[in-house]
Amino acid sequence: MSTDAMSQIKHTISGTVTDVKSNETLIGVDVYLPELQKGTITNSYGFFSITIEEGVYDLTVQFLGYTSQSIPVQLDKNISLTIQLEEDTEQLEAVVITADKETNSIRSPQMSVNSLSSSTIKQIPAVLGEPDLVKAITFLPGVTNAGEGSSGFNVRGGSVDQNLILLDEAILYNSSHLFGLFSVFNPDAIKDLKLFKGGIPARYGGRLSSVLDIYQKDGNSKSHQFNGGIGLVSSKLLAEGPLKENLGSYLFAGRGTYAHLFLPLADNKNVAYFYDLNTKLSYQLGEKDNLLASGYFGRDVLSLEDSFRNVYGNAVFNLRWNHLFSEKLFSNLSLIYSDYYYGLRLNLIEFDWKSGIQNFNLKYDFKHYISNDLTLQFGLNSIYHSFNPGIIEPSTPDSSINYEELTKKFAFENALYLEASKNITEKLSINAGLRWSHFTRLGQTELNVYANGQAVLFNDVFQIYQKATPIGIQHYKKSDVLARFNNFEPRLSASYLINDLSSVKLSYNRMSQYLHLLSNTSSPTPLDVWTPSGPFIKPQLLDQYAIGYSRQTVDALYSFEVEGYYKSIKNRIDYIDGANLVANNAIEQEILNGRARAYGFEVLVKKNQGRWNGWLAYTYSKSEQQTPGRNNLETGINDGKWYRTAYDKTHDFSAIGQFKYNKKWTFNTNFVVQTGQPVNYPNAQYEYNGLTIANYGERNSFRLPTYHRLDLSAILTPKKNINREWQGEWIFGIYNVYGRKNAVSIAFRDNYETGDNEAVKTSLFGIVPSVSYNFKF
């Protein structure tokens, strides 16, 4: 056989990349063939596949914090490898942010995505010294929140409910503990994190603005290990080890706060604490099969003496089966349960309130490595939703409250997707996909009927919107169908390589969202209720366009990214003036469907290596909403004019820095400054029957003062005794170094002494010092 003929014969190198000490699979590892300038990265389960011509090659394997390997390969048949990488201690100490892990690949068509490692999150100073994943991502361009003590996060001018938050593929509905002081994610249990802000691949759906995709560690299948931390207000402990050496592993991680235990010493009967538990079991059934079971359970408890008691939190469970059909076809089947519970007891009026949302999710995903230039991903997703808007019941036998159960709601959400990654030429690469989503709103016990199908009426005398009075009630079986929605969601992203160091990227994505969080506050609260699309609420539809430029230096020491975007949203929920969303069994009487838009640009500059490293991020953005009248006689919300959303922040600048002083001391800092949050202030007042009544102008026409803050931390790592397994480090931090009193809200009231109106600013934090001790053995 001739040499030319042999060169046309192709074989596949496939396998898994793991940590040599723990057998933990590694996500996003670069597997590369320098001779051919071809390669790939490992998927979410550490698997890779490369198909090339017969020959002799050096397979290069590189990953953040690990020693690179070059493996000689004689490729005359299909080869399956298990590659184990060893941690590079010096690199881990010197590098927090690297081009390999935390910047977009210059060549990849994927754009608008950021990754953060667990070590980076842990080194960002945080309030009370507890590392916070959600607060960490708000230092990235395009990501903000409503301020201190606020829940969730906002991406590119989107609302909190427009973020899809996945923990081991399970949906989380609340990302915060204690109303935003902490996040629900334990950094010690996290292996990988990616935030998609645009160009979202077709395998994701159900939300408009972003996808926060988080994977937990699998656990150490070689030896038993423990690590944890003790802080002023919270502590944590993680245990991991083999179920059967090299074949199976377990991981258990728990966190909790305990500051409330000291309150009785000060004769304080208030209680505020949280706890959560992360679990994961992994087992290799054979060369081609792996079984994984993971879970999360968290609860927050808040009580104010004998007045009320509030309990809420998430619970999720996921059972996954990985199967390798061939060296080119990888699959993952997932069965997932998610639950969010909210409970409130008000002793003053003697009633209990319980609400929540549950879903059961079946996912089956495939990845087919057809060639080095073409990869297909395809799959299906089916979710059954159950919504409990609220149950009210008396808390004592003598209570005057009657039992009431708000109408439960049910729905099916199904999707199919196909996604292709293709290298068109050496310079042009694309990722194109199509997602078909189908939503079925199922029957419920009662549904109001309104004249002309309008639950909200316009009073042309007073020029205001009012609730409509139902003209009847219809009863349905659960198997009945109230409404159906179908949407095709095309996705496209492309990258053109200018040279080896820079590229231009474009993306477009359409997204559909069938679930809506009912909240008319600037920051969601646990009391807010999720509701499905149906006869009165349409699905939200988004179209997003983005363009970007990426560049890095020859040595990858510095990298630069700039992106511009435009988003338009149809059927965005808006609320009539004076809307009551709590315990409302006819929520359709409080809302109208409008539209929204957001646009801006983002800049990210990183120093990736050296004793000094970090990043600078700047975002300019606008986020607006409009609800015009349904006909020429109606004024619409805010007179039909565009107005700022509650999460519109024109300017947002953040800086993250780390300085490795020596082997013992590392210093970290972060600084943030951003435009104040839009709010409603009275613009006039008048007297009526001896009462002073405030008059309000256009919605969100005022702002809180500019928000800014500086945080510092220092990490002391004592010299390790060679003969001791125990490793420890001290973390000293100062949150809000110069004591900025950032406004959470500004309220207006009458001064009892002068009788004049006055503005009162509420702030949460001044200077907050912290100290914690982390250990590992």
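Which strands form the open sheet with mixed pairing, and in what order? Three-membered and ordered 4-1-7, this open sheet of 3 strands combines its members in mixed pairing. Strands here, like helices, are DSSP runs numbered from the N terminus (strands: E, at least two residues; helices: H or I, at least four), and two strands pair if DSSP finds at least two bridges between them. The structure is a predicted model, in which local features need pLDDT of at least 70 and side-chain atom pairs count only at pLDDT 80 or more, while totals for chains, interfaces and linings use all residues. Residues are numbered from 1 along each chain as its sequence is written, and side-chain values use heavy atoms, with hydrogens and water left out.

The edges of the 4-1-7 sheet are strand 4 (47-53) and strand 7 (79-85), each of which pairs on one side only. On average, neighbouring strands of this sheet are turned by 25° against each other, direction ignored; for such angles, axes are lines fitted to C-alpha atoms (for helices over the stretch in contact), and values run from 0 to 180 degrees between N-to-C directions. Strand 1 (residues 10-19) and strand 7 run parallel and are joined by 7 bridges. Within this pairing, S14 stands opposite S80 of strand 7.

A second open sheet is built from 4 strands in the order 3-2-5-6, with antiparallel pairing. Its edge strands, strand 3 (38-41) and strand 6 (69-75), each pair on one side only. Here the average turn between neighbouring strands is 20°, direction ignored. Strand 5 (residues 55-62) is linked to strand 6 by 7 bridges in the antiparallel sense, and D58 has P72 in strand 6 as its bridge partner. In general, strands of a sheet pair through backbone hydrogen bonds, either parallel or antiparallel.

The loop between strand 1 and strand 2 (30-33) holds E24. This residue counts as buried because its relative accessibility is 7%; buried means under 20% relative accessible area, exposed over 50%, and partly exposed in between (1.4 Å probe, protein chains only). Leaving aside neighbours within four places in sequence, the contacts of E24 (heavy atoms within 4.5 Å) include V17, T18 and D19, as well as K191, Q216, K217, D218 and G219. A polar atom of the E24 side chain lies 3.0 Å from the backbone nitrogen of G219.

Further along the chain, strand 30 (456-459) pairs with strand 31 (residues 464-467) in the antiparallel sense over 4 bridges. N459 has I464 in strand 31 as its bridge partner. The two strands form a hairpin with 4 residues between them, and Q463 in the turn has a positive phi of about 55°.

Two asparagines also carry positive phi values, and their surroundings invite a side-by-side reading. N452, although not a glycine, has a positive phi of about 60° and is found in the loop between strand 29 (447-449) and strand 30. N736, likewise not a glycine, has a positive phi of about 65° and sits in the loop between strand 49 (727-735) and strand 50 (743-750). N452 counts as exposed because its relative accessibility is 78%, whereas N736 counts as buried because its value is 0%.

W642 is placed in the loop between strand 40 (612-626) and strand 41 (643-644). Its relative accessibility is 28%, so W642 counts as partly exposed. W642 and T627 are 15 residues apart in sequence, with their C-alpha atoms 7.7 Å apart in space. Apart from neighbours within four places in sequence, W642 is in contact with R595, A596, R597, E624, Q625 and Q626. With Q626 there is a polar contact between the two side chains (3.5 Å); the term denotes a pair of N or O atoms within 3.5 Å where, within protein, one must be able to donate a hydrogen and the other to accept it, and residues adjacent in sequence count only if both atoms are side-chain atoms.

Taken as a whole, the protein has 5 helices and 52 strands. The radius of gyration is 27 Å, close to the 28 Å that the globule rule gives for 777 residues, so the protein is as compact as a globular protein of that length; the radius is taken over C-alpha atoms, and the rule is 2.2 Å times the number of residues to the power 0.38. The C-alpha trace spans about 100 × 60 × 50 Å along its principal axes. Of the 777 residues, 54% count as buried.
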